[in-house]
Each structure stands twice: as C-alpha cells, then as structure tokens.
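Trainee: Please take me closely through one part of this structure, the strand pairing in the C-terminal half of the numbering and the pocket that goes with it. Add whatever is worth noting about enclosed space elsewhere.

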Amino acid sequence: MKQLVIAEKPSVARDLAKVLGATKKTKNYIEGDKYIVTWALGHLLSLKMPEDYNKDWAEWNMNTLPMIPERVGIKPLPKTRPQLKAISQLANRKDVSGAIIATDAGREGELVARWILQYVKFKKPVKRLWISSQTDKAIKQGFKQLRPSKEYDNLYYSAVARAEADWLVGLNVTRSLTVKYKDSLSAGRVQTPTLAMVRQQEEVIEKFRPETYFTLDAEYDGVIGHLQLKNPRQYKERQALEDLVASFDGKSLIVEEIQVKEKTEYAPLPYDLTEIQREANQRYQYSAKKTLSIIQRLYETHKIVTYPRTDSKHLTTDMKSTMKERLTAVTQMSPELVKRLVKDGAVVKQQKVFQNAKVTDHHGLIPTEQSARLEKLDNDEVKIYRMIVERFLGLFLPPYKVSIETITAKVDQSTFVFKQQRVLETGWKQVEEAAKQSVVFKKGTAIKVVYKINKQLTTPPNPLSEGTLLGKMEKHNLGTPATRAEIIEKLISSDLIERQTNCLVVTAKGKQLLQLVNPSLVTPELTQQWELSLEKIANGDLKHQVFIKDIEKETTRLVKEIKMSEEKYVDHSLTNKTCPDCGSQLKEKNTRDGKIYVCSSETCHYKRRKDPKVSNKRCPQCKKKMMILENKNGSYFKCGGCQYTEKMQSGSKGKKKISKHEERKLIKKYNQAEEMESPLAAALKAAMKED
C-alpha cells in the first residue's frame, strides 16, 4: 500500500519525491514503491462566489445586499481543474491507504490541503508533515515524526474562519460602496484600517507648521554639555539666551555630580518575516512582496534558510544541537569569524534565544545546515541571505559593552549635562572604534567652558514607508506576517495608495474611500479584535461557527450603514477626454505598465496608454530609444527626436523601414481614427509637418 503525499508546489514535490525514493514521473505526480507525491498549484479551490449560491446575486444590486449564504461552499479554480482531477483519481486508488499533508506548515498551507481532501471526499487516515526547512535532512527527520492531522484541526478552522470573514466583509462592503457610488471601491477588514494608517500620518504632516527655537550648549575640552530644560523648545528668541549667557559672565560652571554606568547590549534575535521586510525596505528599498519572494527562493530553491512566513524570533531548545552545523554551513559568508567561533566551540552566547514558549508555528528565520552555492544566487538573494546570516552569527558573539559617564554641572540655576562613553567590548557589533581619550571631570571643580547658542527648526514626521507601515500593522495585529505584503499590494492595485520614491501616498480615491466607508472599519480596533478571535480558534479556545455568526451580524450592520449614508463621491480619475467608441468620459488608471486611459462606461472596453511606450530599440539615425505607438490599425516604432518611423513586423521577416508613401497613408488613416489628444495622432502629425 502507498501513501499519497500532497505538496503545495511542484518544486517542493520534486524535493520530497527525491528523499522518498519516488522516481516515476508523470504530468501530475511522482510515484515510488511507498509514496505517491502530488502537488497543488497554490490554491486549487476557493470559496464559492455569490452567483454560485443565488442567481440574483450575480447582479450588483443594492437590494440583494447583504449576501450571507446559509452554508459556505468551495469550488475548483478553473485553471487548475486538471490537477485537482488527477489528485481525486489518486485519492481513490485502491492501493492508496492514506494521505500525508506536506503543504506549507502554516494556516494557509493547512487550508490548501484540507480543501483538496474535503473536495475529493477523502475518508482514509491523514497525517501531517511539519518542517521548517526544505533540506534533505529536515525532510527525512520530518517523515519520521509525522503527526495525526487531527492535531491541526483548530489551525484549519482558523484558516476557514479567516477566509469566510474576508468573503463576508470584503465582498459585501466592496459591493455596497461600488453600487452606491458607481465606481470600483475596494474595502476590507484589514486593508481599510491599513489605508487609514497611511492617511493619518499624511494628515499629521499636512497640519505640521515649522517652529524656530534656540538651544544653549557648553563646550569643555571638546565635550558638549546641553542646557537642561523642561520644554526643549522653551526659547523662541535668541536674545533671551544671549541675556542668560551674559548673566553667567564671571561665574564658574561647577561639576556637581558624576555618574558612571556600564551598558550591556546583547545581539538582536533572529528575524521574523515582518522585521526582515522592514529592514530590507530601509536598507535596499525592497517592497515587502519582493523581500518575501526572495526569502521564499532561498527557502525552496536554494534550501539555505528556514521557513520564511514566521512571526517568531526565538528558537526551540532542541535546536541547540544543530547550531554548530548551521554555523559551519555559513563559513564562506565570513570565513575568519566562523572559523574562530567553531574553534572556540560554537557556543551560543545569546542563550535567551532558546525559548520554547515563544515559538509559535515556526521558529525564527536562520540558515539551514546546507551551505549556499553563492554562484547560483542573484544579487538580491545574496543581500537578504547576508542579513539572515549576520543576525545568526550575532548569537555566537559576546555582548557589546560601553561605559557611559554622565556629568552634571551648574551655574546659578542653570544645569548642563555632559556625556561621554568608552567602548569596553565591541562584542557582536564587531566595529573598530577609534581610540578616544576621555576628558577628566572632578566633582566640585570649576570648569571653563565656551557657550554656544544654536538655532533649531522643527521638522515634520516622515511619511510612512512600507517598512514603517509593516511595523504599525504588526503593532495593531493587522493581518499576519504571511499576508501583510499582499495587503499592501492590494491597496496599490486598487488605486488607493501609490509608491513614491520610498514612501506610500494615499490617492484622491483612497482619501474619499476613507470618508465613505464605515467608521468602525477605518480604525484598527475591530480588525484587531477579529485577529485575536482567529488566534483563539487556532488555540481551540473559540468555535469558528461562533466567530462567523458575529461576523455575519457585523456585515449586516456595515451594509446598512452604507445604504443610509448621505456622503457624496467625486471620481477624481475622470478626465475631460472622451472615448472614441462610445463618447463617455475616459478615466486615468495606474497599471504596472504605466498610466492608461479606460472608458468609464461599464459596457465599453476601450483603453489605451496615456503616454507612448518607450522600447529598447534604438533609432538608426539619432540612436535614441524609440516609442511604440499602438492602435487597432497596428503597432509602429517612432523616434521622438528625429521623427524616424519604422513598421513593426512579427514573425521571422524582421523589421523594415516603411516608405514615405506608406507613412503619409498611415498618418492620414490615424488622423481620421484618433481623437485630438491621442499621443499617437500628435506624433504622426508632427512627422507629417516636418516632411
């Protein structure tokens, strides 16, 4: 008899099959003597859409809202039906005695496999593979420690509850707003409070007014002492401080107190997903989605880091025995340091990293026991891998220690505080600090100082970047480490926020949405409460049916609020340009490929680029990059500099220059077909005039 192993992706299935000795490859599975390894393609099934429950729900109509199914169901995704059918056939084979869930060890991975087993009506025993790295060693060990799938039932119920809650709130609120205000307005239990956080920071910046103030320093032998004030911005006029300094004339600054403290700073713990996304955004301006994608490759393809979608920074105590092997595996990243650490016994100095109680589904993000083949990593992968390795190496290094001397000195009623520090041990920071001679202060002595008045200007807070937004989402428990990047991308694709350099900006549409959507969805409290409920379900402290009943009531209330709202909506994406097909106004829309114009009519499908697309093809005359001008009549290369035109041809014939006669004929054709503001018509007209 054989076990049916269900992996989440084909690449993971191949790794499992290799370890399990399955070698017979087919289109949909890999078979061996004891195991048949098959795979999902991400999700093979999803929750049914409204029209699957009720034909009346197919039409977007306010009278049909809220849509609350009596019983939630699932259905196959159209593009992955063949794979689902293949798994169903395998599940029903007489030589298959049970199944092993080998999808990602987390909430979403559990949902992927359970929905498949539910859909194919699998009644045989099911076990769970739970591993945190994809190395051969981890896979072998994991298969020796398979657990009954029943132990993960609560995790599955939590995943189902999250999916159903998002369906109920997201679809109903989005449809209500879209129908009422006649524009695509996307809202949800997590994305809307996330959007609000970005807007709140913008409002703080908009209300900010710069303020000038003055401070006073005293310098003694190169050490700066600051005048202590209850309000650091107390002095608005320079003259007030000049008068104060004048009152010190002929008086000494007396050292009243000297305090010396040693500060010990231990190495930071390993990354969880949110922290490495934040830091990668700060260091390299990577989006949260890009960072997750890179770590996923390091985990799945290269097998050199552990499971990325973790919310823990700690390790379990049973991992102590693996630390030396992991340390040796990263030798090439820092050869001298690693060799020294191994020689010293590979002792973990940061012992508080080992805390079983603080490890949830997965431990912190660290290297595996497998050495990286650096020549196979791209530049982005090397950067992220180095970040993970550096954090890991810090665990083996002693703490950073400094001695901080605080000197308090007074003249009249004014107090100045001087500080100087001396590095006692560089420890995990591994920095070479220039030797600096400390200035000697003695209690009770008078010191001769130079006073300096400084002009200061308050500065506004920075707008939120993806990194700082991720930190706020984590603080308010919005989403999970696995879903936060996806939420940010959804806000961008919905035209609610835009990326500008390294910050996020709410669009005019996003600002309006926050005025139109229910107040309870704007603040994070309600969503935070729901996320805590999902955790309770995962821990077995709350029934998922009870949670969904509450969500249904909340959905009804949210829809009712929108129906009764008297707020007005102005579509700022509408332009003064008209559609050449139906005469409706054109809307400006952001896409990955740049800005485009689309028709505002629901029944018309006209669209075109706002600006011509620039190709990599160089003009043979002036060597500038040429534009690609597109129209229903065809596509053409056009040089914006010298107006050289070249016909674009497909197939093996290549590209050839069009004749003057063809060019004039095309210009005449486009002049008739295109409206006045079209970039294509304008470019062709300019060419005709020059000729």
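**Strands, pocket and cavity**

Mentor: Strands E25 (residues 634-638) and E26 (residues 645-647) run antiparallel and are joined by three bridges. Keep in mind that this is a predicted model. Within the pair, phenylalanine 637 of E25 has glutamate 646 of E26 opposite it. The two strands make a hairpin, with six residues between them. One residue of that turn, glutamine 643, has a positive phi of about 70 degrees.

Now the open sheet. Four strands make it up, in the order E19-E20-E21-E22, with antiparallel pairing. E19 (574-578) and E22 (607-609) are the edge strands; each has a single partner strand, so one side of each has no neighbour in the sheet. From one strand to the next, the twist averages 35 degrees. E19 and E20 run antiparallel and are joined by two bridges. Threonine 578 stands opposite glutamine 585, which belongs to E20.

Two strands of this sheet, E20 and E21, also take part in the second largest pocket. That pocket has a volume of about 1,100 Å³. Its lining comprises 37 residues, and those closest to its centre are Asp183, Ser184, Lys509, Ser573 and Lys587. The elements that each supply two or more lining residues are helix H6 (153-181), helix H16 (508-516), strand E20 (585-591) and strand E21 (594-599). By these ranges, Lys509 falls in H16 and Lys587 in E20. H6 gives the most to the lining, with five residues. Sorted by class, the lining of this pocket has 13 charged, 13 polar and 11 nonpolar residues.

Enclosed space is a separate matter. Rolling a probe the size of a water molecule over the atoms shows where empty space remains. In this structure there are two cavities of 30 Å³ or more. The largest cavity holds about 100 Å³ of space. Its lining draws on several stretches of the chain: Glu8, Val12 and Leu16; Ala102, Thr103, Asp104 and Ala105; Arg128, Leu129, Ile131 and Gln134; and Tyr299. By class, seven of the residues lining the largest cavity are nonpolar, two are polar and three are charged.

To put the pocket and the sheet together once more: E20 pairs with the edge strand E19 through two bridges, and E20 also gives two or more residues to the lining of the second largest pocket.

Key
Residues are numbered from 1 along each chain as its sequence is written. This is a predicted model: local features need pLDDT of at least 70, side-chain atom pairs count only at pLDDT 80 or more; totals for chains, interfaces and linings use all residues. Side-chain values use heavy atoms; hydrogens and water are left out. Two strands pair if DSSP finds at least two bridges between them. On a 1 Å grid over the protein atoms alone, a cavity is a set of points where a 1.4 Å probe fits but cannot get out, and a pocket is an open set with protein on both sides within 12 Å along at least five of seven lines; lining residues have an atom within 4 Å of a point. Grid points are joined across faces, edges and corners, and a volume is the space filled by probe spheres set on the points. Ala, Val, Leu, Ile, Met, Phe, Trp, Tyr, Cys and Pro count as nonpolar, Asp, Glu, Lys and Arg as charged, and the others, Gly among them, as polar. Axes are lines fitted to C-alpha atoms, for helices over the stretch in contact, and angles run from 0 to 180 degrees between N-to-C directions.
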